[in-house]
Amino acid sequence: MKDSNFVMAPRSRRAITALVFTVSALLTVIGCADGQVDTGNSPSHSSSRQDAPPASSAPDSVQPEAAAHRPARLQIPSIGVDTNIIDLGLATDGTLEVPPDGKAAGWYTGAPAPGEVGPAIIAGHVDWEGADGVFFDLRNLEPGAEIIISDEDGSRTVFTATSIEHFPKDEFPTDVVYGDLDRPGLRLITCGGSFDETARSYNDNIIAFADIA
């Protein structure tokens with residue numbers, strides 16, 4: 001449900017389709033380490049480990065289109081999420097940038113904006129420097145939960161969670177997450193599962209899938 005007095009323009013499907021095939025060819029593993037993990041003694045509670053949301057690769061030829069309305073705020077009442085949304089682009093190595101701390105979620109500007117036709121991608125940390133990250137409780141989200149995204153102009157897009165799934169990082173479902181849709185969709189992504197002390201990263205990704213209400 002889009003609470004506004006305008007109609008959002010659809011995102012180009014060709015760009016998203018190209019993204020899917022290139023991501024599949026270049027990188028099928030979505031990682032969860034950002035190189036800034038605390039290297040001290042491993043505490044027993046997972047939230048004391050700093051970890052990044054997944055990275056992804058995208059082709060240089062696919063340029064992010066200007067969003068009709070940029071998302072500014074994410075609310076998930078059932079798991080206590082109420083946070084700002086920042087823009088995420090691509091790093092120099094072609095991987096998805098990650099939020100600079102655990103408080104904010106990040107929208108990938110190379111994908112559709114929430115409410116546009118196609119899969120909007122929002123990533124967040126599961127934990128950060130000994131504290132729970134914005135998506136620490138994403139694993140507890142239940143189908144049917146309401147997800148509210150507010151734009152900079154105050155208009156809102158409401159999504160309903162359809163499934164919350166765990167994937168080993170070497171089995172990341174690239175085509176499902178980034179694949180073309182004929183309707184507005186949303187994917188919330190973070191890390192999860194067991195923590196690999198050697199690799200200093202989580203072994204899994206947690207992905208919440210949602211459709212527009």
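This is a short dialogue about a predicted model, with reasons for the labels used.

Student: What makes Phe-195 and Tyr-202 an aromatic pair?

Tutor: Their ring centres lie 5.0 Å apart. The cut-off is 6.5 Å, so they pair. A search of the whole structure finds one such pair.

Student: Why is the pair called edge-to-face?

Tutor: The angle between the planes is 75 degrees. Over 60 counts as edge-to-face, so the label fits.

Student: How do you know whether Tyr-202 is buried or exposed?

Tutor: Its relative accessible area is 3%. Buried means under 20%, so Tyr-202 is buried. Phe-195, at 12%, is buried too.

Student: What places Arg-139 over the face of Phe-136?

Tutor: Arg-139 is 4.2 Å from the ring centre. The distance limit is 6 Å, so that part of the test is met. The direction must also be within 35 degrees of the ring normal.

Student: Which residues have the most contacts inside the largest nonpolar core?

Tutor: They are Leu-74, Ile-122, Leu-141, Ile-147, Leu-186 and Leu-188. This core has 25 residues. Strands S2 (71–76) and S10 (184–196) are among those that each supply at least two of them. Apart from it lies another core, of 13 residues, including Phe-167 and Phe-209.

Student: What is the pLDDT over residues 1–31?

Tutor: It is below 50 there. It also stays under 50 over residues 33–66. The model has 106 contacts beyond four places in sequence for residues 33–66. Where pLDDT is low, the predicted coordinates should not be read in detail. The mean for the protein chain is 75.

Key:
Residues are numbered from 1 along each chain as its sequence is written. This is a predicted model: local features need pLDDT of at least 70, side-chain atom pairs count only at pLDDT 80 or more; totals for chains, interfaces and linings use all residues. Side-chain values use heavy atoms; hydrogens and water are left out. Rings of Phe, Tyr and Trp (its six-membered ring) pair if their centres lie within 6.5 Å; planes under 30 degrees apart count as stacked, over 60 as edge-to-face and the rest as tilted. Buried means under 20% relative accessible area, exposed over 50%, partly exposed in between (1.4 Å probe, protein chains only). A nonpolar core is a set of buried Ala, Val, Leu, Ile, Met, Phe, Trp, Tyr and Cys residues joined through side-chain atoms within 4.5 Å. Helices (H or I, at least four residues) and strands (E, at least two) are DSSP runs, numbered from the N terminus. pLDDT is the predictor's confidence in each residue, from 0 to 100. Contact means heavy atoms within 4.5 Å.
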